[in-house]
Amino acid sequence: MEIQLQELIEQIKTDGVAAAEAEAAAKLESAQAEAQRIVAEANAEAAKILRQAQEENERMVKSSEDAIRQAGRNLLISFRESVNRELDAIIGRQVTEACAPEALVALIPGVVQSWAANTGAEDLTVLLSSKDLAAVEESLLAALKERMLQGVTLKADEQLGGGFRIAAQDGGAYYDFSVESVAEMFSAYLNPKVAALLKEAGNV
C-alpha cells in the first residue's frame with residue numbers, strides 16, 4: 001500500500017511538472033509569436049514612415065526646382081521688359097531729336113516731293129505740332145517754294161507731339177511720320193531682335 005501511494009505521488013509530480021512545462025512552453029511560444037508580430041508591425045510602420053519621408057523629400061526637391069525655374073523665367077522676363085522699356089525710351093529720344101525743327105525743314109520738302117510723285121496727289125496737307133509749325137512755317141514754305149511744290153498746305157495738329165503727317169486733301173491717302181509712329185515702328189522692329197538675343201543668351 002505504501003509503495004502504491006509513493007508511486008501515485010510520483011505520478012502526480014510527473015504529471016504536474018509536465019503540465020507546467022507544457023503551459024510554460026505554450027506561453028513562451030505565444031510570447032515569441034506576439035514579439036514577432038510587434039517587430040513586424042514596427043518594421044512595417046518604420047518602412048511606411050521612411051517611404052513617406054522619401055516621398056515628401058522628393059516633393060520638396062521638385063517644388064524647389066520648379067520654384068527656381070520659375071524664378072529664373074520671371075527674372076528673364078523682367079530683364080527683357082526692362083531692356084525693352086529702356087530701348088523704347090532711347091528710340092523715343094533719338095526720334096524726337098531727329099525731328100527737331102531744323103531737321104523738319106530739311107526733311108519735309110523731300111518727303112512731300114517723293115510722296116506726291118509716287119501717289120500723283122497734287123493737293124497735300126502737312127500736319128505739324130503747333131510749336132513746330134510756329135518754328136518752321138516760314139522756312140518750310142520757302143523750301144517748298146524752291147522745289148516748286150504747289151498746293152501744299154501747312155496746318156497745326158494739337159494731337160502731334162513731334163514729327164509730321166502728310167495727307168491728301170481729299171482724304172484719300174495718309175502717311176504718318178509722327179514721333180510716336182516712327183518710334184513705334186523702330187521698337188516693333190528691334191524688340192523681337194532683342195528678345196531673340198536674350199533667349200539665345202539664356203540658352204548659353
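The largest pocket in this predicted model has a volume of about 190 Å³. Its lining is made up of V95, A98, C99, L107, F164, Y175, D176, F177, S181, V182 and M185. Three elements each give two or more residues to this lining, namely helix 1 (2-98), strand 4 and helix 4 (179-202). Three aromatic residues appear among the lining residues, F164, Y175 and F177, and these form one aromatic cluster.

The cluster may be examined ring by ring. The count of aromatic pairs comes to 2. In one of them, F164 and F177 are stacked, with 4.8 Å from centre to centre and 20 degrees between the planes. This pair links distant parts of the chain, since F164 belongs to strand 3 and F177 to strand 4, 13 residues apart. The rings of Y175 and F177 have centres 4.5 Å apart, and their planes stand at 40 degrees, so this pair is tilted. A stacked pair requires planes under 30 degrees apart, whereas an edge-to-face pair requires planes over 60 degrees apart.

Which members of the cluster are buried, and which are partly exposed? F164 has a relative accessible area of 0% and is therefore buried, as the limit for that class is under 20%. F177, with a relative accessible area of 22%, is partly exposed. Y175 also counts as partly exposed, because its relative accessibility is 40%.

The strands that carry these rings lead to the sheet. Here 4 strands form an open sheet in the order 2-1-3-4, and the pairing is mixed. Strand 2 (152-156) and strand 4 (174-178) stand at the edges; each has a single partner strand, so one side of each is left without a neighbour in the sheet. Neighbouring strands of the sheet are turned by 20 degrees against each other on average, direction ignored.

Within the sheet, how do strand 1 and strand 3 pair? Strand 1 (residues 124-128) and strand 3 (residues 163-168) run in the antiparallel sense and are joined over 5 bridges. As one point of reference, L124 stands opposite A168 in strand 3.

A helix accompanies these strands. Helix 3 (residues 130-146) lies across strand 1, strand 2 and strand 3, and the angle at which it runs to strand 2 is about 170 degrees.

The path thus returns to the starting point, because F164, in strand 3, is buried with a relative accessible area of 0% and is also one of the residues lining the largest pocket.

Notes: Residues numbered from 1 in each chain as written. Predicted model: local features only at pLDDT ≥ 70, side-chain atom pairs only at ≥ 80, totals over all residues. Heavy atoms only, no water. Pairing = 2+ DSSP bridges. Axes fitted to C-alpha atoms, helices over the stretch in contact; angles between N-to-C directions. Contact = heavy atoms within 4.5 Å. Phe/Tyr/Trp six-rings, centres within 6.5 Å; stacked < 30°, edge-to-face > 60°. Buried < 20%, exposed > 50% of the residue type's maximum accessible area, 1.4 Å probe, protein only. 1 Å grid on protein atoms, 1.4 Å probe; cavity = no way out; pocket = protein on both sides within 12 Å on 5 of 7 lines; lining within 4 Å. Points joined across faces, edges and corners; volume = space filled by probe spheres on them.
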